[in-house]
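Reader: I am new to this structure. Please take one part and look at it closely, then show me how the rest fits around it.

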Amino acid sequence: MTIESLQLLLLIIIANGAPILARILLNDQWNVAVDFDAKMADGNPVLGASKTWRGILATLLILPIVALIFGYTAEVGILIAMGTISGDLFSSFIKRRLGMEPSSKAPLLDQIPESLIPALMMMQIFDLSLLGILFLVFAFTVIDMIMTYFLNHWRVVKSPAD
């Protein structure tokens, strides 16, 4: 794994953690659901209460700064943030269609889109091969599952029972 792919992995991890950090720092301030609590024909929310504008804004503000620190442009940070957010919202949409509660765990569905979309978007900028992308998605999945376990254990993130 090259230094560039490790940096991309770290940027995706930071994008994933930015909404959690914002929730910890801001509590319930600016806690507005992205879907404004709208429901689909199936009676389930479009995305759910755990997908907030606060989380999206935190990711869009933090990632460009971190990208600049790593020597990339702010635009690269914004694109990675947008790719990560898109993957996360896609996962939430699918989970709601499956009738899963917000903040419920869906191994692989919670990790693959969130890492695959930005990796594909950044393939040329970070000089990633297809194998490099697969390894990055695998590494993100393992790291995210481990981090999620500990964050749940320490009650930093919400679970559906909370």
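Reader: Where is Arg 97 found?

Author: Arg 97 is found in helix 3. A word on the source before going on: this is a predicted model.

Start with exposure. Arg 97 has a relative accessibility of 25%. Buried means under 20%, and exposed means over 50%. Arg 97 therefore counts as partly exposed.

Next, its partners. Leave aside the neighbours within four places in sequence. Arg 97 is then in contact with Met 40, Asp 42, Asn 44, Pro 45 and Val 46. Take Asn 44 from that list. Arg 97 and Asn 44 are 53 residues apart along the chain. Their C-alpha atoms are separated by 7.1 Å. Contacts across long stretches of sequence also show up in the totals. Among contacts in the protein with a separation of 6 or more, 67% join residues 24 or more positions apart.

Now place helix 3 in the whole. The protein has 5 helices and 0 strands. Along the sequence the pattern reads α-α-α-α-α. Helix 3 covers residues 74–97. The C-alpha atoms fill a box of roughly 45 × 30 × 30 Å, taken along the principal axes. The radius of gyration is 15 Å, which agrees with a compact globule of 162 residues, because such a globule would have a value near 15 Å. Of the 162 residues, 38% are buried.

The surface can be described too. Its accessible area comes to about 8,900 Å². Carbon and sulfur atoms hold 71% of that area. As for charge, there are 10 positive and 13 negative side chains. The centres of the two sets lie 9 Å apart.

Turn to the interior. In soluble globular proteins, nonpolar side chains tend to be buried together. Here the largest nonpolar core has 22 residues. Leu 8, Ile 80 and Phe 126 touch the most other members. Helix 1 (3–26), helix 2 (53–69), helix 3 (74–97) and helix 5 (130–153) each give two or more residues to this core. The largest share, 6 residues, comes from helix 1.

Ile 80 deserves a closer look. Do not count residues up to four places away in sequence. Ile 80 then touches Leu 8, Leu 11, Ile 12, Leu 63, Pro 118, Met 122 and Phe 126. Two of the core residues with the most contacts to other members, Leu 8 and Phe 126, are on that list.

Pro 118 leads to helix 4, residues 112–121. Pro 113, Glu 114, Ser 115, Pro 118 and Ala 119 are buried there. Their cover includes helix 1, helix 3 and helix 5.

Helix 1 also holds Ser 5. Ser 5 counts as buried, because its relative accessibility is 3% and the cut-off is under 20%. Beyond residues up to four places away in sequence, Ser 5 touches Leu 128 and Leu 136.

Helix 2 offers Leu 60. Leu 60 counts as partly exposed, at 28% relative accessibility. Neighbours within four places aside, Leu 60 is in contact with Ile 78, Ala 81, Met 82 and Ile 85. Ala 74 gives another distance. Leu 60 and Ala 74 are 14 residues apart along the chain. Their C-alpha atoms are separated by 10.0 Å.

The loops come last. Trp 30 is found in the loop between helix 1 and helix 2. At 63% relative accessibility, Trp 30 counts as exposed. Trp 30 and Thr 52 are 22 residues apart along the chain. The separation of their C-alpha atoms is 8.3 Å.

Two other loop residues stand out by phi. Most residues other than glycine have a negative phi. Ser 103 has a positive phi near 75°. Asp 127 has a positive phi near 50°. Ser 103 lies in the loop between helix 3 and helix 4. Asp 127 lies in the loop between helix 4 and helix 5. Their exposure sets them on opposite sides of the cut-offs. Ser 103 is buried, with a relative accessible area of 17%, whereas Asp 127 is exposed, with 67%.

Back to Arg 97, then. Arg 97 sits in helix 3 and is partly exposed. Its contacts include Asn 44, Pro 45 and Val 46.

Notes: Residues numbered from 1 in each chain as written. Predicted model: local features only at pLDDT ≥ 70, side-chain atom pairs only at ≥ 80, totals over all residues. Heavy atoms only, no water. Helix = DSSP H or I, 4+ residues; strand = E, 2+ residues; numbered from the N terminus. Rg over C-alpha atoms; globule rule 2.2 N^0.38 Å. Buried < 20%, exposed > 50% of the residue type's maximum accessible area, 1.4 Å probe, protein only. Contact = heavy atoms within 4.5 Å. Areas by Shrake-Rupley, 256 points an atom, 1.4 Å probe, with all protein chains shown as cover. Lys, Arg positive; Asp, Glu negative; His and termini not counted. Charge placed at Lys NZ, Arg CZ, Asp CG, Glu CD. Core = buried A, V, L, I, M, F, W, Y, C linked by side-chain atoms within 4.5 Å.
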